[in-house]
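Subject: The structure I promised you

Hi,

Here is the structure we talked about, with my notes underneath. Have a look at it first, then read on.

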Amino acid sequence: LRTPLTTIRGFAELHLASEHADDAQVSDAMRRIRAEAARMGRIVDDLLTLADVDQGVRLRKEPVNLSIPLTDLAADAAVLQPNREVVTEVPGELWVLGDADRLTQVFGALTANVLRHTPPAAGLVVRGLQLPLAPDGRWVRVEVVDRGPGIPPAELSRVFDRFHRASPERSGPDAGHGLGLAIVASLVTAHGGRFGAESDGTSGTTVWVELPGAAAAK
């Protein structure tokens with residue numbers, strides 16, 4: 001929070017100290033203040049989400065067809081970055097037991113992570129799979145795959161840690177604040193699921209989530 005707060009304070013003090021600022025300078029200062037305030041708001045929202053999960057917030061447990069939010073999120077990514085190839089490999093029905101809003105938050109964070117940390121030319125694949133032969137029961141697996149520069153193997157074990165930043169090769173112009181994947185980990189765990197990341201460090205990354213399956217809603 002200190003970084004955006006320092007920027008806001010700095011531009012406010014610069015404006016107050018400048019007696020000859022023109023309209024363009026004032027508009028630019030207000031634009032920067034608004035952008036940094038919005039970034040601070042996102043950080044606060046993420047911290048509140050983590051606090052809720054840490055305190056055992058009660059999640060709704062109802063049948064959710066993940067095919068709908070996964071398809072929507074992939075379509076959103078294609079609109080936000082039209083030069084990126086976005087592929088959706090999701091069956092018409094992919095039922096899990098969980099909180100629809102929180103699960104949308106999980107997969108929204110994963111697709112946003114790709115858009116933020118990989119070049120626009122890197123492809124994105126959103127894949128949904130049934131795992132009927134899982135030894136401990138029926139599970140659903142979702143994979144978000146990017147064709148970016150990859151994550152060094154030594155860093156893979158830390159990508160879900162709170163406040164962990166991506167390596168410089170994946171940080172891009174907006175490095176974020178290191179809470180997106182931590183929220184994914186917390187919410188998936190709260191759903192009784194599991195998660196992980198795979199990469200050879202050179203040719204892309206797969207982040208996967210597995211959740212207990214549910215029978216289709218009648």
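How many strands form the open sheet, and in what order? Keep in mind while you look that this is a predicted model. The open sheet has 5 strands, in the order S2-S4-S5-S7-S6, and their pairing is mixed. At its edges are strand S2 (86–89) and strand S6 (194–199); each has a single partner strand, so one side of each has no neighbour in the sheet. On average, neighbouring strands are turned by 15° against each other, direction ignored.

Now pick out strand S5, which sits between S4 and S7 in that order. Is S5 enclosed or not? All 8 of the 8 residues of S5 (residues 139–146) are buried, so the strand is largely enclosed by the rest of the structure. The side chains go two ways: Trp139, Arg141, Glu143 and Val145 point one way, while Val140, Val142, Val144 and Asp146 point the other way. That fits a general pattern, as side chains in a regular strand alternate between the two faces of the sheet. Note that the buried set includes Arg141, Glu143 and Asp146 as well as the valines.

S5 has a partner on either side. Strand S4 (residues 124–131) runs antiparallel to S5, and 8 bridges join the two; within that pair, Val125 has Val145 as its bridge partner. With strand S7 (residues 205–212), S5 also pairs in the antiparallel sense, over 8 bridges. Here Val144 stands opposite Val207, and Asp146 stands opposite Thr205.

A helix belongs in this picture too. Helix H3 (residues 67–80) lies across S2, S4 and S5, and runs at about 170° to S2.

Last, go to the start of the chain and find helix H1 (residues 2–17). With 16 residues at 1.5 Å a residue, H1 should span 22 Å, and its end C-alpha atoms are indeed 22 Å apart. Which of its residues are buried? They are Pro4, Thr7, Ile8 and Phe11. Seen down the axis of H1, the buried residues fall within an arc of 95°, so they line one face of the helix. The spacing makes sense, because an α-helix has 3.6 residues a turn and residues three or four places apart point the same way. What the buried residues of H1 pack against is helix H2 (23–54). On the face turned away from that buried side, you will find the exposed residues Arg2, Leu16 and Ala17.

Cheers

Definitions and conventions. Residues are numbered from 1 along each chain as its sequence is written. This is a predicted model: local features need pLDDT of at least 70, side-chain atom pairs count only at pLDDT 80 or more; totals for chains, interfaces and linings use all residues. Side-chain values use heavy atoms; hydrogens and water are left out. Buried means under 20% relative accessible area, exposed over 50%, partly exposed in between (1.4 Å probe, protein chains only). Helices (H or I, at least four residues) and strands (E, at least two) are DSSP runs, numbered from the N terminus. Two strands pair if DSSP finds at least two bridges between them. Axes are lines fitted to C-alpha atoms, for helices over the stretch in contact, and angles run from 0 to 180 degrees between N-to-C directions. Contact means heavy atoms within 4.5 Å. The expected span of a helix is 1.5 Å times one less than its number of residues. The arc is that of the directions from the helix axis to the C-beta atoms.
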